[in-house]
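Here are my comments on the model, set out as numbered points for you to check against the coordinates as you read.

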Amino acid sequence: MEECSTGALVPAVKVGPFLSSVGGSVDPCSSDMGRLTEEKGMSEVDKDLLCPICMQIVKDAFLTACGHSFCYMCIITHLSNKSDCPCCAQSLCKNQLFPNFLLDKLLKKTSAQQISKSASPVEHFRQALQQGCEVSIKELDTLLALLTEKKRKMEQEEAERNMQILLDFLNCLRKQKVQELNEVQSHLQFLKEDISVVERRRMDLYRAKDRYSVRLRTLGGDDSSNGARNSWPSSIDNNSSALRVRGGTSSWNIQGRGLQRNDALSASDSQFMNQSGLAVARKKRVHALFDELQECYLQKRRQMNQPYSQLERNRSIIPREGYTAGLADFQSVLTTLTRYSRMRVIAELRHEDLFHSANIVSSIEFDRDYELFATAGVSKCIKVFDFSSVVNDPADMHTAVVEMPTRSKLSCLSWNKFTKNHIASTDYEGIVTVWDVDTRQSIMEYEEHEKRAWSVDFSCTEPSMLVSGSDDCKVKVWCTRQEASVLNIDMKANICCVKYNPGSSNCIAVGSADHHIHYYDLRNVSQPLHVFTGHRKTVSYVKFLSNYELASASTDSTLRLWNVKDNMPVRTFKGHTNEKNFVGLTVNNEYIACGSETNEVFVYHKEISKPVTWHRFGSPDMEDTEDDAGSYFISAVCWKSDSPTMLTANSQGTIKVLVLAA
């Protein structure tokens, strides 16, 4: 047996389960150590080789007098703060630390074995060559041939994969382009059919106009007893092409008034020029919104590619032979959209103190017959004005026909759709009040809301029913024949707006601070019929354009249109600015209007996402500047039925009557 060298004695060492399993101390000269480490599982070996302090593989192992091994830096750092062993708590100092050569050797061997197991064949071969493994030239030639063949095979496979990727891309692109081509061909077919129909209709209109001109000229010749007057038809025939364009009725009407022919032609020319100017302006509006109009046309043609007679459409659209429902609907949109390009002020009301915050108008609403309108706001007073007097009276200061003072600031108004003299209000104290405008007295007061009430609305189908929403996260339904609420809906967020569906007293839309619109059937309020999501901030207003179209406004500076029948979003409108204030929302059959925090009123067509037009409020006593515009905001808007007339108010307390104009 080989004799081990003697020298300084090393105390008996305990190196944990790994070495203790061998049976006490281990002879470092033993040849069984390699087999021992191979027999141990990798997970167990890894645990045995961890430093008890850092829990990592031991680095620069040092042994303590009590038999535990640690990383040198770990145990030195520990002994700088304490004087005990981290494992057994026995007293320990730096002089009782000794290098653990055996553990370092095991670590190196284990690391080499792990690298060997995880190494690739190439790495094994490289290591063998580095270690001086003898390889003959013949063996090298064989290896080179194998490597060359392997390389060629891999290059071939790589090329095939690349070709497959390219082929997949080209096939996908071809499929996409074929779909686009089919879509374009479908669009071209729509255009071909519609152009043919429109050209035929235009020729019919030209022929009808010619027939009317001939009839009028004939009537003019029959009714005239003066020989000089009988000479007019021949002169008209000599210049028929010009007069047909300018209107064949001008000569007859002017002759009857005894005017000169030159004057008649001058008046006709002026009218022709005006009509030409309007036509050019409308074409410019078409080009300005061309992309949106293109999408609108294609959408309607795809959705309604049936003969017009097969669908129920708007009665105002006259059915034409060959017209599809989509073309007829788009013609209506195009006509309505290009009819107006601006808003004109036809009347204005000014409060005495223009710069006092108490002048903010929070709500402005027309009555049932659109003869009166009421205003309310932070001035703690409901004022009722006669609309015709406001429009026809040129005075700046208009007197309200009715004033009803309130105890608190007001947030919303709603006229009864059946009883003309009844109007409801909500205020900052949460009180819902029903007023009689004739007697100027409240007839019902509901005080169940615990916080500020933001919105109230009378039912369009049930005269006695109204609904309100509040910051107390409650929606309450009231009946004017009862003193308490008849229904309560508890929600999780502040309620900012409520609105009855105009076709049903059972359905309401609720906008809240949770960014959503909750659509309820009041016959079952355990859960909403649908929750419309899409706004990124508080929903401040909801309004119905029809029984199935709902518009909403939010402080995310967008309006949205929803279909409550199909529970689908329809369109998003952008252009105005609204981030923190209630700026108003009003709708009619075709248009949606809202205010902006830039002191402007914006009007959108429901089929187009961009504004059709907008009007900026100006300060009456100072120049319009950017700073002035930023100081105020539009606070309330209201359409006059389906007419182009609208009431608007801003945070100064200025009320303007605007009308859409060409």
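1. In this predicted model, the buried residues of helix α13 are E292, L293, C296, Y297, L298, K300 and R301. The length of α13 agrees with expectation, because its 14 residues, at 1.5 Å a residue, should span 20 Å, and its end C-alpha atoms are indeed 20 Å apart.

2. The largest nonpolar core has 28 residues, and those with the most contacts inside it are M343, Y591, V601, V603, W639, M646 and L660. Two or more residues of this core come from each of α7 (137-223), α13 (290-303), α14 (325-339), β26 (591-595), β27 (600-605), β29 (634-639) and β31 (655-661), with α14 giving the most, namely five residues.

3. To see how V603 sits among its surroundings, leave aside its neighbours within four places in sequence: V603 is then in contact with M343, Y591, I592, A593, P611, V612, T613, W639, M646 and L660. Apart from this core lies another, of 17 residues, which includes I75, I76, L79 and C85.

4. Helix α4 (residues 72-81) has C74, I75, I76, H78 and L79 buried, and the buried residues of α4 pack against β2 (69-71) and β3 (97-99).

5. Please also look at the open sheet, in which four strands follow the order β17-β18-β19-β20 with antiparallel pairing. Its edge strands, β17 (495-500) and β20 (530-532), each pair on one side only, and the twist from one strand to the next averages 20°.

6. Within that sheet, β19 (residues 517-521) pairs with β20 in the antiparallel sense over three bridges, and the bridge partner of Y519 in β20 is H530.

Notes. Residues numbered from 1 in each chain as written. Predicted model: local features only at pLDDT ≥ 70, side-chain atom pairs only at ≥ 80, totals over all residues. Heavy atoms only, no water. Core = buried A, V, L, I, M, F, W, Y, C linked by side-chain atoms within 4.5 Å. Buried < 20%, exposed > 50% of the residue type's maximum accessible area, 1.4 Å probe, protein only. Contact = heavy atoms within 4.5 Å. Expected span 1.5 Å × (residues − 1). Pairing = 2+ DSSP bridges. Axes fitted to C-alpha atoms, helices over the stretch in contact; angles between N-to-C directions.
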